[in-house]
Amino acid sequence: MPSYNFWKVCAAHLVRLMGSVALDEITRSRIAEYRQIRKGECIIRHGKQVEGTTVSGSTVNREITTLIGLLNLAAENELLEKVPATKKLKDAEGICHASGL
């Protein structure tokens with residue numbers, strides 16, 4: 001089971017890139033845009049960029065799984081009418097990783 005820090009890091013990236021977007025404005029295209037931005041970013045460890053690296057599809061899938069979980073919670077509490085459907089990213093070998101999506 002993922003740790004509190006894991007979810008905190010996922011949420012931090014979501015807030016950084018989607019924090020000002022209203023719940024009902026989070027669409028498939030916004031999620032795709034988030035996915036594209038994150039896939040192009042360098043990995044950051046201990047506050048410093050790791051040169052020559054980019055965020056993996058698995059990492060982005062976990063972040064989007066976090067977002068979908070939050071959107072599902074909002075829908076259950078009638079704060080959102082519909083949760084957008086999304087697809088998982090494949091890694092470099094073309095393997096689709098289970099991420100709850």
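**Aromatic pairing, helix H2 and the nonpolar core**

A search of the whole structure, which is a predicted model, identifies one aromatic pair. This pair is formed by Phe6 and Trp7, whose ring centres lie 4.7 Å apart and whose planes meet at 75 degrees, so the arrangement is edge-to-face, the class assigned to planes over 60 degrees apart. Phe6 is partly exposed, with a relative accessibility of 23%, and Trp7 is likewise partly exposed, at 35%.

Helix H2 comprises the twelve residues 28-39, for which a span of 16 Å is expected at 1.5 Å a residue, and the end C-alpha atoms are indeed 16 Å apart, in agreement with that value. The buried residues of this helix are Ile31, Tyr34, Arg35 and Arg38; viewed down the axis of H2, they fall within an arc of 100 degrees and therefore line one face of the helix. Such a pattern may be read against the geometry of the α-helix, in which there are 3.6 residues a turn, so that residues three or four places apart point the same way. Ser29 and Gln36, on the other side of H2, are exposed, whereas the buried residues pack against helix H1 (4-18) and helix H3 (57-76).

The largest nonpolar core contains 14 residues, of which Ile26, Ile31, Ile64, Leu67 and Leu71 touch the most other members. The elements contributing two or more residues to this core are H1, H2 and H3, and H3 gives the most, with six residues. When neighbours within four places in sequence are left aside, Ile26 is in contact with Met18, Val21, Ile31, Leu67, Leu71 and Pro84.

Definitions and conventions
Residues numbered from 1 in each chain as written. Predicted model: local features only at pLDDT ≥ 70, side-chain atom pairs only at ≥ 80, totals over all residues. Heavy atoms only, no water. Phe/Tyr/Trp six-rings, centres within 6.5 Å; stacked < 30°, edge-to-face > 60°. Buried < 20%, exposed > 50% of the residue type's maximum accessible area, 1.4 Å probe, protein only. Helix = DSSP H or I, 4+ residues; strand = E, 2+ residues; numbered from the N terminus. Expected span 1.5 Å × (residues − 1). Arc of directions from axis to C-beta. Contact = heavy atoms within 4.5 Å. Core = buried A, V, L, I, M, F, W, Y, C linked by side-chain atoms within 4.5 Å.
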